[in-house]
Amino acid sequence: MERQRLFATEKHGGRALYRLHAVTVFLGICLLLGYRATHVPAAGPGRAAWLGMLAAELWFAFYWVITQSVRWCPIRRRAFVDRLAARFGDRLPCVDIFVCTADPQSEPPSLVMATVLSLMAYNYPPEKLSVYLSDDGGSILTFYAMWEISAFAKHWLPFCRRYNIEPRSPAAYFAASDKPHDPHALQEWSSVKDLYEEMTERIDSAARSGKVPEEIKVQHKGFSEWNTGITSKDHHPIVQILIDGKNSNAVDNEGNVLPTLVYMAREKRPQYHHNFKAGAMNALIRVSSVISNSPIIMNVDCDMYSNNSDSIRDAMCFFLDEEMGHKIAFVQYPQNYNNMTKNNIYGNSLNVINEVELSGLDTWGGPLYIGTGCFHRRETLCGRRFTKDYKEDWDRGIKTEHSCIEKTEEKAKSLATCTYEHNTQWGDEMGLKYGCPVEDVITGLAIHCRGWESVYSNLPRAGFIGVGPTTLAQTILQHKRWSEGNFSIFLSKFCPFLYGHGKTKLPHQMGYSIYGLWAPNSLPTLYYVVIPSLFLLKGIPLFPEVMSPWITPFIYVSVVKNIYSAYEALSCGETLRGWWNAQRMWMVKRITSYLYGVIDTIRKVLGLSNMGFVVSPKVSDEDESKRYEQEIMEFGTPSSEYVIIATIALLNLVCLVGGLYQIILASGENKMALNVFFLQVILCGVLVIINVPIYEAMFLRKDRGRIPFSVTLASIGFVMLALFVPFF
Ligand SMILES: O=c1ccn([C@@H]2O[C@H](COP(=O)(O)OP(=O)(O)O[C@H]3O[C@H](CO)[C@@H](O)[C@H](O)[C@H]3O)[C@@H](O)[C@H]2O)c(=O)[nH]1
Ligand SMILES: [Mn+2]
C-alpha cells in the first residue's frame with residue numbers, strides 16, 4: 001500500500017482569470033510605452049521631462065513584470081498532523097528554539113518572557129524541546145526574568161495542557177480569555193492568573209528600578225555573573241542552564257518533564273564587531289550544539305509568541321514526509337502582528353505578502369527566510385549542500401547526557417567568545433551570513449542556491465504573532481533597514497539573477513528581486529509625484545490628450561492595476577480604507593525609506609558607511625498609542641523624512657490650485673485647455689487627496705503628533721525653490 005503523504009499541496013483558484021487580466025495589462029503597458037517612445041516632443045521645454053517619464057514608466061513596467069512571478073500560480077500547503085501522530089507517535093525529532101533579544105528598554109523583559117513561556121508550552125514531548133534566549137543586552141534584568149519564569153513554568157505548562165488553551169503566551173491568553181464557568185476551572189484559572197500577574201509585576205518593577213533585589217540574587221549562582229560591573233557592550237560570555245531537561249528532578253507540578261531552558265549572553269567587547277542578530281544566532285547554534293544539539297532549529301524574534309501550540313508538529317509533517325521531506329531545508333511561517341489597527345494606518349500589516357507573495361514564491365522553490373517563525377535543519381543552517389543521498393539523523397540530540405552542568409556551561413561559554421569565529425567560516429559559509437541588514441534573507445538565498453527547497457506554511461490559526469511598528473518614524477526606519485538590506489543583496493555578488501542563475505528557477509529569482517528592488521523604486525516614484533504636477537503648473541503637457549486614442553492604455557493600466565490591487569488587499573483581509581492607507585504609505589515609504597535605502601546602499605558600496613541595525617521599539621508612550629488607536633498619523637519631532645513628505649504634499653497642492661486656476665479662471669493666452677492636461681490634473685488631484693492627512697498634520701492639528709512647524713517652514717522653502725528654479 002502506498003504511504004499517505006504527510007502534507008498536501010493545492011493551487012490557488014481563479015488563475016485563468018488572473019492571467020487573462022495580467023496579459024491585458026501587459027498589452028496596455030506595451031502600448032503606453034510605445035506611445036511614449038514614438039511621441040517624444042521636439043527640442044524645447046518638455047523634451048527632457050518626457051524622456052524622464054519614459055524612463056520612469058519603463059522601470060514601473062519592469063517592476064510590474066517582476067511582481068507577476070509570485071502571482072502567476074501561488075500554492076497552499078496543508079499538513080496532516082493526525083497522520084504524523086499515527087505514524088510516529090511521540091518518536092519525534094528534538095527541536096531547539098532560539099529567541100533573540102537585544103535591549104531591555106525597547107524590548108521589556110516581561111514581553112520577552114511571555115514569548116518564551118509560549119514556546120516552552122508547545123504541544124510536543126517536553127524532553128525533546130530546548131528553549132534558548134540570546135540576550136544581546138547582557139542584562140541582569142532579562143536573566144532575572146528568565147529565572148522567574150523557570151519557576152512559573154511549573155504552573156503554566158500543566159495548566160496549558162489540562163485545558164488545552166490557545167494561545168500559550170500567558171500575556172495574550174489572559175488578555176483575551178473569558179473566565180471559565182466551571183468553578184473548579186475558575187479557581188485554577190484565577191490562581192494561575194494571579195501568579196502570572198504577580199510575577200510580571202516583580203519583573204517590571206525590577207526593570208523600572210534597574211536592579212534585582214539582593215535577597216533574590218543569592219538564590220541562583222547565575223546572578224554572580226554580573227558581580228563585576230559589566231555593561232551591555234563589554235562583558236564576558238554568559239551561559240546559564242536554568243532548567244536542565246535531562247535532569248530527572250526538573251519536573252513541573254504534576255511530575256512531567258520540563259523543557260530545557262538556557263540563558264545566553266555572548267561575549268561583547270568594544271574592539272570586536274558583534275554582527276547584530278546574525279552574530280547572536282550563530283553563537284546560539286554553537287552553544288546549543290553542546291547542550292541539546294537537536295537536528296531542527298526554530299527561531300523567533302523576542303516579541304513573536306507562539307499562537308498555535310501545534311506548529312512544531314505541523315513543521316515536522318514537512319520534514320518527515322517520505323517523498324519531499326529530504327529536499328526541504330526550512331519551513332517558514334508568516335509574520336503576523338496583533339497590534340495593527342483596523343485600517344492599517346501605516347500599511348504595516350503584511351497580509352498581502354503573507355497571503356499572496358510568500359505562497360507565490362513557494363511554487364518556485366520556497367519562501368524567503370524572513371528571520372522569525374522559521375524551522376531549519378541544523379545541518380543546512382551550518383552550510384550543508386543538498387545531495388540526494390543525504391540522510392538526516394533524526395535521533396540526534398536524544399541521548400546527550402550531561403555529566404555536569406557546570407562543565408557543559410564552561411564548554412558552551414568558550415563557544416560564545418568574540419574571538420571564536422576568527423579564521424573560521426562562521427558568518428560566511430556557516431550559520432547566518434554577516435554584513436547585511438537582512439541577514440535572514442541572504443542566508444535563505446544561499447541555502448536555496450545550495451540546492452535546497454523551503455516550504456511556506458500559513459496555518460488557519462496563525463503560528464506566530466508579534467508586534468509591528470506603531471508610529472510613522474518606526475515604520476520608516478524598519479523599511480529603510482529592509483529596503484537597504486535587500487537592495488545591497490541585489491547589488492552584491494549574491495544578486496538573485498547572477499548568484500541564483502542555474503541554481504534556482506528564473507521566477508524564483510524574480511520573486512527575490514521584488515524585495516531587492518524595493519529601494520530603487522524610490523527614484524521613478526519621486527519623479528512621478530513631482531514632475532507631472534510641476535509641469536501642469538508650467539503649462540507643459542506630458543500625457544496624451546482626452547480625444548487621443550493613446551489615452552486608453554494609460555487609463556486602462558492605471559485603473560485596472562489599482563482595482564486589482566484593491567481586490568487583492570480585500571481578499572487578504574484588509575479594509576478598503578486600509579488599502580487606501582497602504583497606497584499613501586506606499587508613496588511615503590518610497591520617497592523616504594527607500595530613497596534613504598538607495599543612498600545608504602550606495603554609500604556602503606563606496607565604503608563611506610557601515611552597516612547598522614536599529615532595533616524596533618516594542619512599546620510606545622500613552623499619548624502616541626492613543627493617536628495610533630484613532631489612526632491619526634504620528635509625526636511629532638522634526639526629521640528630514642518629514643520634510644520630504646511635507647514638501648511633496650505641499651508642492652502638489654500648489655500645482656493643482658495653480659493648474660486649475662489656469663484652466664478654469666484664466667483668460668487669453670494664459671488659458672489652458674482641460675483636454676490637454678486631463679491626466680495631469682487627475683494625477684495631481686489624486687496625490688492631493690491621498691495627502692489630506694499630511695495637510696491636516698501641517699496646518700490643522702494641534703496635538704503633539706502634528707508636523708512640527710519647523711518642518712512645515714522648511715517644506716514651504718523647498719516648494720518655493722522648486723517653483724522658481726528654471727528646469728530647462
Ligand atoms: O544586535 C541585535 C539586533 C537585533 N536583535 C534581535 O533581532 C530581532 C529583530 O529585530 P527587530 O528590531 O524587532 O526587527 P524587525 O524589523 O521587527 O525584524 C524583522 O527584520 C529583521 C531583519 O531586518 C529580521 O532579523 C527579523 O527576524 C524580522 O522579524 C529582535 O528580536 C532583536 O532583539 C539581536 O538579537 N541583536
Ligand atoms: Mn520586530
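What follows is a friendly conversation about a predicted model of a protein.

Trainee: Let's begin with the overall build. How many helices and strands does the protein have?

Mentor: Keep in mind as we go that this is a predicted model. Its secondary structure includes both kinds of element, and the count is 26 helices and 13 strands.

Trainee: Which radius of gyration does the protein have, and what would a compact globule have?

Mentor: The chain holds 728 residues, and a compact globule with that number would come out near 27 Å. The protein agrees with this, because its own radius of gyration is 28 Å. Along the principal axes, the C-alpha atoms fill a box of roughly 95 × 65 × 60 Å. So, for the radius you asked about, the pair to note is 28 Å for the protein and near 27 Å for the globule.

Trainee: What share of the residues counts as buried?

Mentor: A residue counts as buried when its relative accessible area is under 20%. Contacts are worth a look here too: among those with a separation of 6 or more, 83% join residues 24 or more positions apart. The exposed surface is about 30,400 Å², with 60% of it supplied by carbon and sulfur atoms. Of the 728 residues, the buried share is 59%.

Trainee: How far apart do the centres of the positive and negative side chains lie?

Mentor: There are 71 positive side chains and 70 negative ones. Taking the centre of each set, the distance between the two is 6 Å.

Trainee: On to the backbone. Which two residues does a cis peptide bond join?

Mentor: Look in the loop between helix H5 (140–163) and helix H6 (170–176), where Pro-167 is found. The bond there has an omega of about -10°. The residues joined by this cis peptide bond are Glu-166 and Pro-167.

Trainee: Asn-164 has a positive phi although it is not a glycine. Is Asn-164 buried or exposed?

Mentor: Asn-164 is found in the loop between H5 and H6, and its phi is about 45°. Its relative accessible area is 56%, and the cut-off for exposed is over 50%. Therefore Asn-164 is exposed.

Trainee: And Asn-275, buried or exposed?

Mentor: Asn-275 also has a positive phi, of about 60°, without being a glycine. Its place is the loop between strand S6 (260–265) and helix H9 (276–291). With a relative accessible area of 17%, Asn-275 is buried.

Trainee: Where does helix H24 bend?

Mentor: H24 covers residues 674–690 and bends by about 35°. Its buried residues include Phe-677, Val-681 and Cys-684, and what covers the buried residues includes helix H18 (522–538) and helix H23 (640–665). The bend itself is at Gln-680.

Trainee: Which residues is Leu-687 in contact with, leaving aside its neighbours within four places in sequence?

Mentor: Leu-687 lies in helix H24 and is buried, at 8% relative accessible area. Its C-alpha is 7.5 Å from that of Ala-649, although the two are 38 residues apart in sequence. Leaving aside those neighbours, its contacts are Val-529, Ser-533, Met-587 and Asn-652.

Trainee: One last residue: what is the relative accessibility of Asn-354?

Mentor: Asn-354 is found in helix H11 (residues 351–363). Leaving aside neighbours within four places in sequence, its contacts include Pro-334, Gln-335, Tyr-456 and Asn-458. Asn-354 counts as buried, and its relative accessibility is 2%.

Terms used. Residues numbered from 1 in each chain as written. Chains lettered and ligands numbered in written order. Predicted model: local features only at pLDDT ≥ 70, side-chain atom pairs only at ≥ 80, totals over all residues. Heavy atoms only, no water. Helix = DSSP H or I, 4+ residues; strand = E, 2+ residues; numbered from the N terminus. Rg over C-alpha atoms; globule rule 2.2 N^0.38 Å. Buried < 20%, exposed > 50% of the residue type's maximum accessible area, 1.4 Å probe, protein only. Contact = heavy atoms within 4.5 Å. Areas by Shrake-Rupley, 256 points an atom, 1.4 Å probe, with all protein chains shown as cover. Lys, Arg positive; Asp, Glu negative; His and termini not counted. Charge placed at Lys NZ, Arg CZ, Asp CG, Glu CD. Bend = angle between axes of the 7 residues up to and from the residue.
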